[in-house]
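These are my notebook entries on a single protein chain. I set out to look up its fold first and its backbone details afterwards.

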Amino acid sequence: MKRQTEKQTTRLAAHVFVCTNARDSEYAACADAGADETVEAVKSWLRDRDAFWSPIGVSTTDCLGLCSAEGTAITIQPRNEWYAEVTPADVPALLTDEFGPDADRL
Ligand code: FES
């Protein structure tokens, strides 16, 4: 085991987790609510500002407990910000609010 906390906290200012959970049941899941497109919208917005992966990480994740048929759940850590029902069209405004228009409010 290798502890990497210092390396990661130096490299990452924040980490965006996007739920892509799928489930085979009657209950809503982000995978059925455009999660893949939302992940791509997040990555694209950050890439356009040269902020993807460093200093802002992006990962897909399992259920965040904010399931909805209306959109995808996102959390931004360590800011402890949580969003439900995010659509790809929402992503620019969400990320601008969080990180500023140039992704430099870190
Ligand atoms: S399936 Fe995405 S928050 Fe539950």
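**Entry 1: terms and model.** Before placing any residue in a loop, I note that helices and strands are DSSP runs, with at least four residues for a helix and at least two for a strand, numbered from the N terminus. By this reading, P78 is found in the loop between β3 and β4. I also record that the model is predicted.

**Entry 2: overall form.** I looked up the elements and found 3 helices and 4 strands in the protein. Their order from the N terminus is α-β-α-β-β-β-α. I then checked the radius of gyration: the protein has 14 Å, which agrees with the value near 13 Å that a compact globule of 106 residues would have. The C-alpha trace spans about 40 × 40 × 20 Å along the principal axes. I find that buried residues make up 25% of the 106 residues. Of the contacts between residues at least 6 apart in sequence, 62% join residues at least 24 apart.

**Entry 3: the sheet.** In what order do the 4 strands form the sheet? I read the order as β2-β1-β3-β4, in an open sheet with mixed pairing. The edge strands, each pairing on one side only, are β2 (56-61) and β4 (81-86). From one strand to the next, the twist averages 20°.

I followed the pairing of β1 with β3. Strand β3 comprises residues 72-77, and 4 bridges join β1 to this strand in an antiparallel arrangement. I noted two facing pairs: V18 stands opposite I74 in β3, and V16 stands opposite I76 in β3. As a general reminder, strands of a sheet pair through backbone hydrogen bonds.

Next I turned to β3 and β4, which pair in the antiparallel sense over 4 bridges. The bridge partner of T75 in β4 is W82. The two strands form a hairpin with 3 residues between them. In the turn, I find that N80 has a positive phi of about 60°.

**Entry 4: helices on the sheet.** I looked up which strands each helix touches. Helix α2 (residues 35-48) packs on the sheet and touches β1, β2, β3 and β4. The direction of α2 makes about 160° with that of β1. Helix α3 (residues 91-99) also packs on the sheet, touching β2, β3 and β4, and the direction of α3 makes about 170° with that of β4.

How do the axes of α2 and α3 cross? They come within 10 Å and cross at roughly 50°, which makes α2 oblique to α3. I record the crossing as right-handed. At this contact, T38, A41, V42 and W45 in α2 meet V91, P92 and L95 in α3.

I then examined T96, which lies in helix α3. T96 counts as partly exposed because 14 other C-beta atoms lie within 10 Å. The C-alpha atoms of T96 and W45 are separated by 9.3 Å, although these residues are 51 apart along the chain.

**Entry 5: L12 and the loop before β2.** Where is L12 placed? I find L12 in the loop between α1 (5-11) and β1 (14-19). L12 has 16 C-beta neighbours inside 10 Å and so counts as partly exposed. From C-alpha to C-alpha, L12 and I56 are 5.7 Å apart in space, while 44 residues apart in sequence. Leaving aside neighbours within four places in sequence, I list the contacts of L12 as S54, P55 and G57.

One of these contacts, P55, is in the loop between α2 and β2. I looked at the peptide bond joining S54 and P55 and found that it is cis, with omega about 20°.

**Entry 6: further backbone details.** A cis peptide bond also joins Q77 and P78, with omega about 5°.

I then looked up two residues that have a positive phi without being glycine. E85, found in strand β4, has a phi near 60°. A103 has a phi of about 55° and is placed in the segment after α3.

Is each of these residues buried or exposed? E85 counts as partly exposed, because it has 17 C-beta neighbours inside 10 Å. A103 is buried, with 22 other C-beta atoms within 10 Å, the cut-off for a buried residue being 20 or more.

Key. Residues numbered from 1 in each chain as written. Predicted model: local features only at pLDDT ≥ 70, side-chain atom pairs only at ≥ 80, totals over all residues. Rg over C-alpha atoms; globule rule 2.2 N^0.38 Å. Buried ≥ 20, exposed ≤ 12 C-beta atoms within 10 Å, placed from the backbone. Contact = placed C-beta atoms within 7 Å. Pairing = 2+ DSSP bridges. Axes fitted to C-alpha atoms, helices over the stretch in contact; angles between N-to-C directions. Parallel < 35°, antiparallel > 145°, perpendicular 65-115°, else oblique. Left-handed = near helix turned anticlockwise from the far one by under 90°.
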